[in-house]
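Work through the following exercises with the sequence and the coordinates side by side. Each task is followed by a solution that proceeds step by step.

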Amino acid sequence: MQWEIVIGLEVHTQLSTQSKIFSGASTAYGAPPNTQASFVDLALPGVLPVLNRGAVERAVKFGLAVNAIINSPSIFARKNYFYPDLPKGYQISQYERPIVEGGSIAIQVGETEKTIRLTRAHLEEDAGKSLHEDFHGMSGIDLNRAGTPLLEIVSEPDLRSSAEAVAYAKTLHALVRWIGICDGNMQEGSFRCDANVSVRPRGQEKYGTRCEIKNLNSFRFLEKAIDFEVERQIEILEEGGSIRQETRLFDANKGETRTMRTKEDANDYRYFPDPDLLPVEIAPDWIEQLRASLPELPQARRERYVTEYGLSGYDAAVLTSSREMADYFEAAARQLPESAKLCANWIMGDISARLNRDGLDIGECPVGPAHVAQLISRIQDGTISGKAAKTVFESLWQGEQGQDVDAIIEIKGLKQMSDNSALEKLIDDVLAANAQQVADYRGGKEKAFNALVGQVMKAAQGKANPAQVNAMLKEKLG
Amino acid sequence: MTLSINDVKQVAHLAYIKVSEEEAEAALSQLSGIFKLIESMQAVDTSHVEPMSHAQDLVQRLREDKITESDKSDLCQSIAPQVENGLYLVPKVIE
């Protein structure tokens with residue numbers, strides 16, 4: 001049977017505020033345990049939550065960036081469950097009237113663009129952290145993270161493969177960083193994915209029973225967990241079994257998912273509006289102010305890179321995967337609008353490879369876009385070969401000659417021979433010294449031609465322009 | 001809607017409240033009384049009334065995003081039953 005995979009993602013993004021969503025405690029990562037847990041975060045009796053304007057602003061910005069409805073009033077609800085890292089016995093979240101409703105995100109899979117609809121995005125507080133080892137049979141609780149603002153972004157089940165799920169998660173990750181609402185640090189848990197996965201016979205309209213895989217904190221794990229889960233479900237169904245709706249955990253070491261809890265009563269959270277918080281009103285002029293503060297969005301840039309610079313959809317998607325990279329490309333391409341594709345190739349090829357080698361982000365690249373543009377223009381005007389450009393780039397990287405492209409070319413003697421008469425003399429010498437190969441070529445051996453080109457290039461110490469050598473040789477050998 | 005003794009027990013279970021048979025019976029009759037009250041209120045036509053999410057007709061005030069709290073962990077941990085290395089210790093909860 002042909003199976004269709006159906007995936008929806010819930011992504012928890014930690015909002016980049018200084019202070020918590022309902023208290024004035026710091027959200028800084030890595031502080032000693034419980035030093036950033038205020039009375040409100042600890043749920044001491046008599047305390048009241050007061051909503052952080054910065055968290056609301058970031059949520060609204062996200063909603064505007066995905067063309068969603070901003071609900072006003074928006075309300076907070078209590079989600080009731082018991083776990084010691086949640087001292088109140090409930091999490092303040094949103095149920096009815098979430099701050100952001102609807103909207104969509106366009107993703108690029110290969111050369112195909114697809115629109116993924118969003119269900120909603122709601123504000124909530126994070127829980128603390130439980131440590132289960134080394135406490136003589138007890139659990140240790142650190143409440144520094146309790147009360148950290150999260151925006152939970154829920155997609156519709158529009159994703160049809162792990163590749164699409166990863167593309168969506170990456171696009172979303174780029175977007176929240178782009179608009180400055182989340183630092184996107186996945187190691188620190190600032191961006192965590194839950195995947196709802198089900199399968200159904202191709203052509204069937206009704207969704208299959210789904211399983212939720214929790215807390216996938218890397219794109220690779222997201223892909224692996226979905227692939228494993230899909231295979232598991234198909235295997236069960238093909239053997240005539242049925243899928244039990246449950247929450248599963250991904251074991252990264254074994255590369256498999258396993259049952260965490262079944263959904264019988266665990267899902268009965270008894271939501272109700274939180275009487276400690278009044279409805280939040282978001283005035284239209286506040287929304288307009290936030291809209292005006294948004295930068296040009298990745299989707300708009302992607303489209304512009306295709307129309308303005310003639311890039312492919314794929315190239316445009318890669319170059320807009322972060323604002324730093326998009327800005328870098330644009331700074332180089334503005335200087336060489338005719339050679340934008342070459343700028344794109346350099347950034348996605350040599351520069352990215354070099355950055356990877358040193359574990360750097362493009363924002364930390366020691367060679368600026370202006371130097372890259374100048375380097376490319378020297379290839380374009382025939383001053384240096386593509387191969388020599390790589391040498392120049394490495395010199396720029398090392399900061400040689402005050403990063404002066406022309407000075408590096410000069411001092412390293414990388415200039416191509418542009419003087420026809422000098423090259424002509426060189427070719428004549430080579431032809432005279434290789435009479436046998438000349439005869440072979442004239443006798444119909446095409447291979448001999450390449451050998452002669454090689455000889456000339458060697459004699460020119462790599463400084464001859466290969467295209468020019470080719471043309472001149474052809475002419476001479478007539 | 002009528003409430004059964006099982007509903008009461010289920011709610012008590014979800015709320016982590018231990019109730020005896022007697023207490024469950026008592027809660028059932030009290031809760032049923034509240035449900036009756038709700039039923040009579042529901043007889044009122046509210047189709048033209050916009051639902052409120054809060055008893056007070058006010059709007060939430062917002063705080064500026066500023067750190068206003070300092071470290072009070074020593075004070076808080078002094079009243080905790082058990083602490084170690086700055087962590088609060090609780091009965092093991094892993095499933």
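The expected span of a helix is 1.5 Å times one less than its number of residues. The model to which this is applied is a predicted one.

**Exercise 1.** Determine whether the span of α11(A) agrees or disagrees with its number of residues, and describe how the helix is covered.

Solution. Helix α11(A) has 12 residues, and at 1.5 Å a residue it should span 16 Å. Its end C-alpha atoms are 17 Å apart, which agrees with that expectation. Turning to burial, the buried residues of the helix are Ala388(A), Ala389(A), Val392(A), Phe393(A), Ser395(A), Leu396(A) and Trp397(A). The cover over these buried residues includes α9, α10 and α12 of chain A. Just after the helix, Gly399(A) adopts a positive phi of about 75°.

**Exercise 2.** Repeat the analysis for α10(A), residues 369–380.

Solution. The 12 residues of α10(A) should span 16 Å at 1.5 Å a residue, and the end C-alpha atoms are 16 Å apart, so the two values agree. Within this helix, Val372(A), Ala373(A), Leu375(A), Ile376(A), Ser377(A) and Arg378(A) are buried. Their cover includes α8 (323–335), α9 (340–357), α11 (386–397) and α12 (405–411) of chain A. A positive phi, of about 85°, is found at Gly382(A), just after α10(A).

**Exercise 3.** Classify Glu164(A) as buried or exposed, and list its contacts outside the local sequence.

Solution. Glu164(A) belongs to helix α3 of chain A, which comprises residues 162–178. Its relative accessible area is 14%, and because buried means under 20%, Glu164(A) counts as buried. If residues up to four places away in sequence are set aside, Glu164(A) touches Ile107(A), Val109(A), Lys114(A), Asp158(A) and Leu159(A).

**Exercise 4.** Carry out the corresponding classification for Gln2(A).

Solution. Gln2(A) is placed in the segment before β1 (3–14) of chain A. Since its relative accessible area is 55% and exposed means over 50%, Gln2(A) is exposed. Leaving out residues up to four places away in sequence, Gln2(A) touches Arg200(A), Pro201(A) and Arg202(A). Its C-alpha atom is separated by 23 Å from that of Leu222(A), which lies 220 residues apart along the chain.

**Exercise 5.** Which residues join Leu31(B) in a nonpolar patch on the surface?

Solution. Leu31(B) is located in helix α2 of chain B, residues 21–42, and is partly exposed, with a relative accessible area of 33%. Leu31(B) forms the patch with Ile34(B) and Ile38(B), and together they have about 230 Å² of accessible area.

Conventions: Residues are numbered from 1 along each chain as its sequence is written. Chains are lettered from A and ligands numbered from 1 in the order in which they are written. This is a predicted model: local features need pLDDT of at least 70, side-chain atom pairs count only at pLDDT 80 or more; totals for chains, interfaces and linings use all residues. Side-chain values use heavy atoms; hydrogens and water are left out. Helices (H or I, at least four residues) and strands (E, at least two) are DSSP runs, numbered from the N terminus. Buried means under 20% relative accessible area, exposed over 50%, partly exposed in between (1.4 Å probe, protein chains only). Contact means heavy atoms within 4.5 Å. Patches are made of residues with over 30% relative accessible area and no salt bridge: like charges are joined within 9 Å, nonpolar side chains (Val, Leu, Ile, Met, Phe, Trp, Tyr) within 5 Å. Accessible areas come from the Shrake-Rupley method with a 1.4 Å probe; for residues, only the protein chains shown count as cover. A salt bridge is a side-chain nitrogen of Lys or Arg within 4 Å of a carboxyl oxygen of Asp or Glu.
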